[in-house]
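Student: I should like to look closely at a single part of this structure. Could you please take me through one sheet and the elements around it?

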Amino acid sequence: MTTNATSDQTPQKRWAASETAVPPLNAAYPEADTPDPAAADKLENAWADPKGFWYLLNAIQNDAVGGRLMLTSFAFFLIAGAMALLMRVQLAQPESDFLSADVYNGLFTMHGSTMMYLFAVPMLEGFAILMLPFMIGNREMPFPRLGVFSYITFALGGLLFFSSYLVNTVPDAGWFAYAPLSGPEYSPGIALDYWLLALGVAEVAAIAAGIEIIIAILRLRAPGMSLARIPLYVWAMLVTGFSILFAFTPLIIGSLLLELDRKIGTQFFNAGAGGSPVLWQHLFWIFGHPEVYIQFLPATGMMAMIIPVFSRQRIQGYPFVAIAMVATGFLSFLLWVHHMFSVGLPQITLGLFSAASILIAIPTGVQIFAYIATIFNGRPVWKTPFLFAVGFLVTFVLGGITGVMVGSVPFDWQAHDSFFVVAHLHYVLIGGVVFPIFAAIYYWMPKINGKLLDERLGKWHFWLMFIGFHVSFFPQHILGLWGMPRRVYTYPPGFGWDLYNLISTIGAFMIGIGVAVFIVNFFYSARYGRHAGKNPWGASELEWSVDSPPKNYGFSVLPIVRSRHPLWSQDNLTDGPERTQNLVQDLARWPLNWRAVLVTSALDAKPEEIFRVSGPSIWPFLTAVSLVTIFGAEIFELRPVALLGIFGLVTGIVGWNWPEDAPTTTEEEEAFAQKHNIPVRPHGSRTVNRGGMWLFILILGIALTTLLLSYFYIRLETHIWPPQNLPLPTLTWVGIATLPVLLNAAVLHWALRQLRKAKQRCLRAGLAAAFLLEVSTFALLTYDFSQLTFDWRINAYGSLFWVIGGFLFLLLLIGIGMNIFVQAWAWRGIYSPERFTPVENTAVFWTAMIAFWVVTIGVLYISPYRF
Amino acid sequence: MTVSLGNEQKTHLKRWIVLLISPVVWTLSFGIIYLLNEAVCNLHFWRRFVWNDVTAVIPVMLLILLLTFGVTIANAWFGWKMWQQASSAANDEAAAERDRFIGAAGMMMGLFFTALTGGLTVVVLWLQPC
């Protein structure tokens, strides 16, 4: 490495002088500005979580929520790993009777489901919630209460899922629960209800965390961290956040439809009544394949952070990697059919999806080559995180190659449902996700708890896992090619499978021992580990500029970013445009008694707003418990308990959003706002809340689109529509009901305008008028449905009509509920020209409702006349 | 206090478009072609539109692909222009860096998805529906 350094420069200045060089490990790296002790104490108190018992229920800080998500998901990982070992013992020799077929079916279902729903995604989301605020140079995530809600729903959902063992009704239809095997006819009882409802809760949790991650990345980045300077991990999480919304929502809808088939006799997946089991496969895999990339992208993002640090080389091809991540995110949604090549689909469909499946190797390859080039041009430091990173590269590339193989239709037909696919998916998921997660834990743990993990134990851990993994899974390729099917609890001797299965089992136990070494290392290092200091690895990103472990407030003086690698290229984190400098310095001195967070613009990260992020509260906990109660009660059809849950849910949401008094004076706010020419919003952010509302609308839109595409999918397979001589829908009442929907949005926007002019009475009148319009729409639609001559059990058309109609009712209820809350607060005089976000969000929701209404009515009521 | 963005907001929107239009349009065109293909294979549905021949849908698919080609190539062109302009801008280094990145990203996205559209066109021409 060469620089233009001169002898009178400080080490940091010397390295900062070059745009390409990397400072040595022992260089003096810039640190976050430290406030005066009095201010620091006050900030620490303002950001502290409650102590004692209330900490358990109320803790809201990103490190508490993220850490809990990671620990809980790791516990699920251990349980699912133990299940894998049991299965490997069973398969170690032919005709083994260690496990019965039923137990084995339950084990592979629980293992796969736990790893996919309860380990990988929550672990990666937990890590993001924990680390993102430090990486993007802000103090907190935008919706801390949503984070708590996400964690509680996830943890209780996971416990609910595993409680199926307590009543000895374990789900046993695989992690994909294909219909009709999972339907009421072939899976009676409640085992599959556990799978659908308990995991449904975990899916809601994933979406909640996804919303938080997106808004944080788009709106809470440190000043100066423009789109071109975002750390690659953060890019990966942005793509992942959107992928979660687009992937998990169809799965929730699919799960809902299957549960309705099981519970109330709808016919979505019953071919005998016009439904389609293949529809379930579409709905599942449109989630299932992006799910792989939802796990892989954060993992590759972690690699993009770790590899440059240990190669002592800046990432090669930053824009290429960022673009490749975005392209991977899009492409991942167009591959799902490659899981269904053997179903019997049209030729062009096979061709399109085969091509897309193989083409995704290009953006993935771009990322891998960038990492290899970074190592190649660097001087690797072989610490444990780097070993796991190299393990990732080797293993994932092998898994990717077999991925291209099964992306080819003829090969897929040969390998489908064989152990070859088991080997492929574990190469991708353990190599591409688990290795990076361990790399990340070794890398970031010093930041999280201030202690370095032990290197010697870490290397033992790596080599046991790496060798064990390949010993375990490489032979499974051969087993698959030799015809051993997956999901069989035993096999006869004499097929040549015996030895490979035994080797595979030995490898699995090596992995288990490796994980055990990690657990020992974790606890040993937490107690006896070396203190890390702020930047033990000589890393380049913002999280390494704060204390280890970080203070409650993270950054007192928010950093100003002027480079992609701020700690490698900047002398300090405080220089920048004068206005920004003054702002971040003053923000360290005021406010000190409430949790202030800076909102910045999405493209340039220019300061836009200061708002108070919500504090500890019992309501997210109550809301989450209520939601899980509803789902849990529904498994056993305990409707009164479910009703109690609904009551708790509504109460929780109301309490959660209850307006709180601002812990500041208007004079103070105005003085700060005027001095820095920036809005101060101690009642909550307009920008962040509006972003949350748009994402909520997006989720509802995705859900509705999924339902409508299901409608057309089933319609395409039916000759006469509506089938069985059912009458065409009548247009009269919904036609009339359309008018108040259109009018309502206009009235609400008018009311909002009046509020901006401080006309409180007009606001109240507008909201009241809107409420009447909304209720009349609801009443008209109710009347129309009361006139229907068929119900949801008659056939798939009836099911679709009622369920899509039911979704429309749900949307109306959400909108009416919002209006009621806003109206109640409007009558209390809470809103003002400066404080209007809830009213604005209600108006935005009802504007979106026009689109929801028109499209749904168009499909349900009008399309049968023409199509 | 409100922050009015006006023209700046439009410019920002342009940047987002340059960054994301290619994958969005490609995803849409892929989805439409897939759905069209599923639909055309159920001829009873299409007979209402007097499309008795499954291959009749191929020109429609090609038209969609042509439009996608147009968008992705235009995206690559505008990305290249933005990249060039940002490279020669001298006043605001941070803004120039941002636009260089977005321009390069748009250009590469455009080129990549143009190539993918080419792949789809070959598939559509090569294989018969159903």
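**The sheet of chain A and its surroundings**

Tutor: In this predicted model, chain A contains an open sheet of three strands, arranged in the order β1-β2-β3, with mixed pairing. The strands at the edges are β1 (596–600) and β3 (680–681) of chain A; each has a single partner strand, so one side of each is left without a neighbour in the sheet.

Let us consider one pairing in detail. Strand β2 of chain A covers residues 607–612, and β1(A) pairs with β2(A) in the antiparallel sense over five bridges. As one example of how residues are matched, A:V597 has A:F611 in β2(A) as its bridge partner.

Two helices help to complete the picture. Helix α23 of chain A, residues 686–716, lies across β1, β2 and β3 of chain A, and runs at about 85° to β2(A).

The second is helix α22 of chain A, residues 666–676, whose buried residues are A:E669, A:F672, A:A673 and A:H676. These residues cover an arc of only 100° around the axis, which means that they lie on the same side of α22(A). On the other side of α22(A), the residues A:E667, A:Q674 and A:K675 are exposed. To see what the buried side faces, one may follow its packing: the buried residues of α22(A) pack against α19 (578–587), β2 and β3 of chain A. Two of the strands named in the sheet order, β2 and β3, are thus found again among the packing partners of this helix. Just after α22(A), A:N677 takes a positive phi of about 55°.

A word on confidence is also in order. Chain A has a mean pLDDT of 93, and 98% of its residues reach 70 or more. Over residues 1–9 of chain A, however, the pLDDT is below 50, and this stretch has 12 contacts in the model beyond near neighbours in sequence. The pLDDT also stays under 50 over residues 11–17 of chain A, for which the model has 24 contacts beyond four places in sequence.

Finally, chain B may be set beside this part of chain A. Chain B has four helices and zero strands, and along its sequence the pattern reads α-α-α-α. Of its 130 residues, 47% count as buried. Among the contacts in chain B with a separation of 6 or more, 77% are between residues 24 or more positions apart.

Notes
Residues are numbered from 1 along each chain as its sequence is written. Chains are lettered from A and ligands numbered from 1 in the order in which they are written. This is a predicted model: local features need pLDDT of at least 70, side-chain atom pairs count only at pLDDT 80 or more; totals for chains, interfaces and linings use all residues. Side-chain values use heavy atoms; hydrogens and water are left out. pLDDT is the predictor's confidence in each residue, from 0 to 100. Contact means heavy atoms within 4.5 Å. Two strands pair if DSSP finds at least two bridges between them. Axes are lines fitted to C-alpha atoms, for helices over the stretch in contact, and angles run from 0 to 180 degrees between N-to-C directions. Buried means under 20% relative accessible area, exposed over 50%, partly exposed in between (1.4 Å probe, protein chains only). The arc is that of the directions from the helix axis to the C-beta atoms.
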